Amino acid sequence: MSTERGHSLVEISELGLDPGVPKQELRRLITPKSVCEYRALLASKASLPEGLILDPAAGSGGQLLAYGKYISKHCVGVELSPERAKYCGYVLSRANSTGSFMTICGDGIDAHGVMAAVKTQIGVSSVSMLHVDPARPMDTQKHSVSEMQPPLAKLLESWSEYISSGEQGPAMALDLSPRLAGQQMSEIEHIVTTIFPGTAMTWEWLSRGGGRVDRLCLHTGPLAHTPSVSKSVRLYNDGSFSVLHAREEELDSEDSGWPNYEVMEGDTVALVDPVVTKSRLRGVFEDRLGYNRGELIWAKKSDRRPLVVLREEIRPGSEARPFVMAQGKAVGRLESDLSMMSIDSLAALAMENGISNIQIRCSCEPRLHKRITNRLSKIMGSVDGMSGFLIEDGGTKDLMLCRDVEK
Ligand SMILES: C[S@@+](CC[C@H](N)C(=O)[O-])C[C@H]1O[C@@H](n2cnc3c(N)ncnc32)[C@H](O)[C@@H]1O
């Protein structure tokens, strides 16, 4: 078999299984297991049509492995790099799953070639669900949609004749860069709707709690959270998760409604998970807190630590709580930058307020961060006190020390 681009398709058992160790470059690309399992669980609850589960850029095979664990279907992975394909084949060959697996080394765009091999080997001729996590250039901030590998438009066009498509459109999970700009998201929606008109779509912004968007995935057809078009997920290590979601008309603007509020001593503040702001679900977050729209003060816009000022602390049972990274009472202002020079003033401010352990939750260069935390623990190590955190104020360039309201 050979593909348009000259790559031959090889069923991986023909290459011999070689576990090896995934090279650094593959390790960087591997989707975390908790994310793979969460997605597979979600897909297992959708009403998927007949056919196989396809990952045409399978990498390590971790995502297919999880689908096979939760869904009793044939799972087929295609991987261009022979080394990765061997690794993927090895991973899948050791699976103890309800689904069965086939790994092909070749071009994921070659739908005809792949399906001919699949039909011969396992007798299935349609795709129930497609999952793809395309490779992208390292500089994900600036890359264009056309630089994804395999290229999305060509990939979907090639598979359109095999993928089953019901009323809502085909079941697809397009696992994309969390740094895609709004314009790029629109381009992707355009690609999907040009090839599969009328497809239901939901964007999912997923966080594992580290103060950043970990994954951005477009779910389509039966995988979409219809009628919601945007969804925030906070995923925990034990596999549990919390969700916020909204329809198009409930979304707010990511950019407006940030008054740069000057935090006062005594204010109750919280750092919100950035998935909430990125997914434009600030209003839904407010609803879950029991606030009227616009009542919550969005004090400081930030890609990593959006800051809000609350009426009162958020209780543990609140549906909004999983989307809060830290909350506390502002106790003192540090009218200087965070530097080795200002540590003594910070430590003094903390001790005055009964705080002995400070988390740095403002911008700080990683090397300096380490030096500062070492120095702080030297100064305050033996002092008994509460925990706190340091944030950037919304209205000034000052830093605010906050005392945790929990723990
Ligand atoms: C982001 S990685 C996928 C990682 C995977 N989700 C995992 O957890 O290991 C994208 C993969 O697509 C593969 N790839 C790129 N172009 C391809 C093509 N045309 N056909 C098949 N695989 C391709 C790359 O070699 C890379 O392994």
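The following exercises, each with a worked solution, concern a predicted model of a protein with a ligand.

**Exercise 1. Overall description**

Describe the protein by its secondary structure, its extent and its share of buried residues.

Solution.
Step 1. The secondary structure comprises 11 helices and 18 strands.
Step 2. The C-alpha trace spans about 75 × 45 × 35 Å along the principal axes.
Step 3. The chain contains 407 residues, and 51% of them count as buried.

**Exercise 2. The ligand and its surroundings**

Determine how many residues surround the ligand, which are the closest, and which polar contacts join the ligand to L80, R84 and D133.

Solution.
Step 1. The ligand is surrounded by 21 residues, and T31, S60, E79, R84 and G108 are the closest.
Step 2. By class, this shell consists of 10 nonpolar, six polar and five charged residues.
Step 3. R84 places a polar side-chain atom 2.7 Å from an oxygen atom of the ligand.
Step 4. D133 likewise uses its side chain: one of its polar atoms lies 2.8 Å from a nitrogen atom of the ligand. In L80 the partner is a polar backbone atom, at 3.2 Å from a nitrogen atom of the ligand.
Step 5. On its own the ligand has 600 Å² of accessible area, of which the protein covers 95%.

**Exercise 3. The second largest pocket**

State the volume of the second largest pocket and analyse its lining by secondary structure and by residue class.

Solution.
Step 1. The volume of this pocket is about 250 Å³.
Step 2. Its lining consists of 15 residues, and K33, E37, G62, L65 and A66 are those nearest the centre.
Step 3. At least two lining residues come from each of helix 2 (33-45), helix 3 (62-70) and helix 4 (82-93). Helix 3 supplies the largest share, namely four residues.
Step 4. The lining divides into seven nonpolar, five polar and three charged residues.

**Exercise 4. Enclosed cavities**

How many cavities of 30 Å³ or more does a search of the whole structure find, and which residues line the largest and the second largest?

Solution.
Step 1. The principle of the search is that a probe the size of a water molecule, rolled over the atoms, reveals where empty space remains.
Step 2. Two cavities of 30 Å³ or more are found in the whole structure.
Step 3. The largest cavity holds about 60 Å³ of space. Its lining is formed by E254, W258, T277, K278, K301, S302 and D303. Four of these residues are charged, two are polar and one is nonpolar.
Step 4. The second largest cavity holds about 30 Å³. It is lined by R39, L42, A43, Y67, M129, A173, H219 and L223. Helix 2 contributes the most to this lining, with three residues.
Step 5. In the second largest cavity the classes are six nonpolar, one polar and one charged.

**Exercise 5. The setting of S230**

Is S230 buried or exposed, and which backbone atom lies 2.7 Å from a polar atom of its side chain?

Solution.
Step 1. S230 belongs to strand 10, which covers residues 230-235.
Step 2. The relative accessible area of S230 is 4%. Buried means under 20%, so S230 is classed as buried.
Step 3. The atom in question is the backbone oxygen of S279, which lies 2.7 Å from a polar side-chain atom of S230.

**Exercise 6. Backbone geometry in the loops**

Locate the cis peptide bonds that lead into P150 and P227, and describe the positive phi values of N260 and R280.

Solution.
Step 1. As background, most peptide bonds are trans, and most residues other than glycine have a negative phi.
Step 2. The bond from Q149 to P150 is cis, with omega near -5°. P150 is in the loop between strand 5 (127-132) and helix 6 (152-159).
Step 3. The bond from T226 to P227 is also cis, with omega near 5°. P227 is in the loop that joins strand 9 (215-220) to strand 10.
Step 4. N260 has a phi near 50° and is found in the loop between strand 11 (241-246) and strand 12 (268-272).
Step 5. R280 has a phi of about 60° and lies in the loop between helix 8 (274-278) and helix 9 (282-289).
Step 6. Partly exposed residues fall between the limits of 20% and 50% relative accessible area. At 47%, N260 is therefore partly exposed. R280, at 32%, is partly exposed as well.

Definitions and conventions: Residues numbered from 1 in each chain as written. Predicted model: local features only at pLDDT ≥ 70, side-chain atom pairs only at ≥ 80, totals over all residues. Heavy atoms only, no water. 1 Å grid on protein atoms, 1.4 Å probe; cavity = no way out; pocket = protein on both sides within 12 Å on 5 of 7 lines; lining within 4 Å. Points joined across faces, edges and corners; volume = space filled by probe spheres on them. Nonpolar A, V, L, I, M, F, W, Y, C, P; charged D, E, K, R; others polar. Near = heavy atom within 4 Å. Polar contact = N/O pair within 3.5 Å; in protein donor to acceptor, adjacent residues only side chain to side chain. Areas by Shrake-Rupley, 256 points an atom, 1.4 Å probe, with all protein chains shown as cover. Buried < 20%, exposed > 50% of the residue type's maximum accessible area, 1.4 Å probe, protein only.
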